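Biologist: Got a minute to walk me through this model? I'd like to start with some helix packing and then look at the rings.

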Amino acid sequence: MVKYILRRVAISTVVLLVGSVLLYFLITISGDPLEDLRESQSPNRDNQMRQRSANMGLHLPWWERYIVWLRGAASCVIGQCDLGTNREGVPVGGMLTVAASSTLRLVILATLLSIVIGIALGILTAIRQYSGFDYAVTFMAFLFFSLPVFWAAVLLKEYAAIRFNNWLADPNISLFFMIGAGLVAALAVGLAVGGGLRRILISMGATFAFVVGILYYFDVVRWFTQPSVGLPVFILASAGAAALILAMTMGFDNRKVVTAVGATTGIGIVAYAILRGMLLSSPSTGFLLLCFAFAILVAVACGYLLGGFSRKHAIGLSIGVAMVMSFIALMDLMLTNWSHYYSINKRPIPTIGAVTPNLNGDYWQSFIDVATHLMLPTLVLMLVSLAGYTRYTRASMLEVLNQDYIRTARSKGLPERTVITKHAFRNSLIPLTTIVAFDFAGLIGGAVITETVFGWKGMGELFRAGLANVDPPPVMAFFLVTGIAAIVMNLVADLMYAVLDPRITR
């Protein structure tokens, strides 16, 4: 395995080196970096041209400039990176740090959401092949996959931000909208539930009544400007999430697993009830991370101590419940502080940038501001990736479900839930591993359009500005990060094959 890793790293390094030479050469011949100054009527034009030439090293041939850049980039191995300066003399290393952190924050969230939702939908559609739910999800997947990124981004800016902000000025929900939303939700649930006609009609009726009722309640209490969740809703949502996770995986027959998940849920509810006041009055990022780490440790301890012979499954499900509860708690804290944020920002859903300039707010107001700026670009990237994950998961699951060992597991009397989650799902992840690895690396480079539309100062802006200005160092920094990300994720995918399937050896 060590020899394989070293061989792959060596080959990838050569590919990266050849690619960097070619890219640097293409940038230098793509235009004139002094073109804008040559056309300038400024009295100090000559001084500006000399200064830019000195910053970019234009007195040297392109290959000597490349060697200088390569020497500085290679110094990153010993922790002394020198990626040069842009044409204005600003160090590219500092620009790269800011841009990479901004893009990774966006890409990681979009990728995680796409993986979780896409794989779940893919499994459900494979299990219920040729059902109404399968056809509906397939149609939406092809629709999202075919949407141009820039067009979807513009639509979201218009309807999910601009018009929604206008509506928040007087958030009245009409009866027509309540009925329409109830019908759409009822149709979606009817397609998802399946079964007999009576079951479908009951599910659709209950969903319609619930959606209309909750929208009427939101309209009466003006929930959209003064939202709240509160501890009772947190308790109900946490218990419901734990029950749903158990129902979709192990079921309720294994008492040890149910006990471990129940203990995790109970301890989480009590801990949040105690810490909620402190999280609202004196929050900090370190405190939030500490609480999240405590939730994971509690989940591991409950699964290990109470899981019995199913300890491995108990730990995994307990961790899943702890993560969902942590997300619900975070939503409660944010919604509790929403009215304070709305008081200083009457258009809370932004359409451009990563933060609101000159926002004078406390910790939670700043936190909500960052979260709202992430919403639309994350949603655009998620929808595009979600479609691919859904289709790949469905195809992989259908192939695995037709294998002999799946029929053998069913013939032995194993519950269908166990057959799907323990036997079929693990083996269906093998082709998905490659997709996830390349998609994560590709999103870093593919976020150029999304970042441009939303004015996000990330890796896309760094690449676009460098290319437009015929300025090699910023573009080479972009290439260095995306190239290394592609190599690392490809290597991780290869290693994961052996973890998922022990039959795969090097």
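**Helix packing and ring pairs**

Modeller: Sure. Asp134, Val137, Thr138, Ala141, Phe142, Phe144 and Phe145 of α6 are in contact with Leu383, Val384, Ala387, Gly388, Thr390, Arg391 and Arg394 of α15. Keep in mind that this is a predicted model.

Biologist: What does that contact of α6 with α15 look like by class?

Modeller: There are eight nonpolar, three polar and three charged residues in the contact of α6 with α15.

Biologist: And at what angle do α6 and α15 pack, and how far apart are their axes?

Modeller: The angle is about 135°, and the axes are 8 Å apart. Here α6 covers residues 132-146 and α15 covers residues 363-401.

Biologist: Why are α6 and α15 called oblique to each other?

Modeller: Because the angle is about 135°, and over 145 would be needed for roughly antiparallel, while roughly perpendicular runs from 65 to 115. So α6 and α15 come out as oblique.

Biologist: Which hand is the crossing where α6 passes α15, left or right?

Modeller: Left-handed.

Biologist: OK, switching to rings. How many aromatic pairs does the structure hold?

Modeller: It holds 15 aromatic pairs. One of them is phenylalanine 164 with tryptophan 167, a tilted pair at 5.7 Å centre to centre with 35° between the planes.

Biologist: Where do phenylalanine 164 and tryptophan 167 sit in helix α7?

Modeller: They are three residues apart in α7, which spans residues 149-168, so about one helical turn separates them.

Biologist: Is phenylalanine 164 buried or exposed? What about tryptophan 167?

Modeller: Phenylalanine 164 is partly exposed, at 27% relative accessible area. Tryptophan 167 is also partly exposed, with 25% relative accessibility.

Biologist: Now take phenylalanine 234 and tyrosine 272. What is the geometry of that aromatic pair?

Modeller: That pair is tilted, with 4.4 Å centre to centre and 40° between the planes. It links distant parts of the chain: phenylalanine 234 is in α10 (residues 230-248) and tyrosine 272 is in α11 (residues 255-281), 38 residues apart.

Biologist: Are phenylalanine 234 and tyrosine 272 buried or exposed?

Modeller: Both phenylalanine 234 and tyrosine 272 are buried.

Biologist: Back to phenylalanine 164 for a second. Which residues do ring pairs link into a cluster?

Modeller: The cluster is Phe164, Trp167, Tyr217, Phe218, Trp223 and Phe224.

Biologist: Last one. What is threonine 265 in contact with, leaving aside neighbours within four places in sequence?

Modeller: Ser238, Ala239, Ala242, Val321 and Met325. Threonine 265 lies in α11, and at 8% relative accessibility it counts as buried.

Methods:
Residues are numbered from 1 along each chain as its sequence is written. This is a predicted model: local features need pLDDT of at least 70, side-chain atom pairs count only at pLDDT 80 or more; totals for chains, interfaces and linings use all residues. Side-chain values use heavy atoms; hydrogens and water are left out. Axes are lines fitted to C-alpha atoms, for helices over the stretch in contact, and angles run from 0 to 180 degrees between N-to-C directions. Helices (H or I, at least four residues) and strands (E, at least two) are DSSP runs, numbered from the N terminus. Angles under 35 degrees count as roughly parallel, over 145 as roughly antiparallel, 65 to 115 as roughly perpendicular and the rest as oblique. A crossing is left-handed if the near helix is turned anticlockwise from the far one by less than a right angle, and right-handed if clockwise. Contact means heavy atoms within 4.5 Å. Ala, Val, Leu, Ile, Met, Phe, Trp, Tyr, Cys and Pro count as nonpolar, Asp, Glu, Lys and Arg as charged, and the others, Gly among them, as polar. Rings of Phe, Tyr and Trp (its six-membered ring) pair if their centres lie within 6.5 Å; planes under 30 degrees apart count as stacked, over 60 as edge-to-face and the rest as tilted. Buried means under 20% relative accessible area, exposed over 50%, partly exposed in between (1.4 Å probe, protein chains only).
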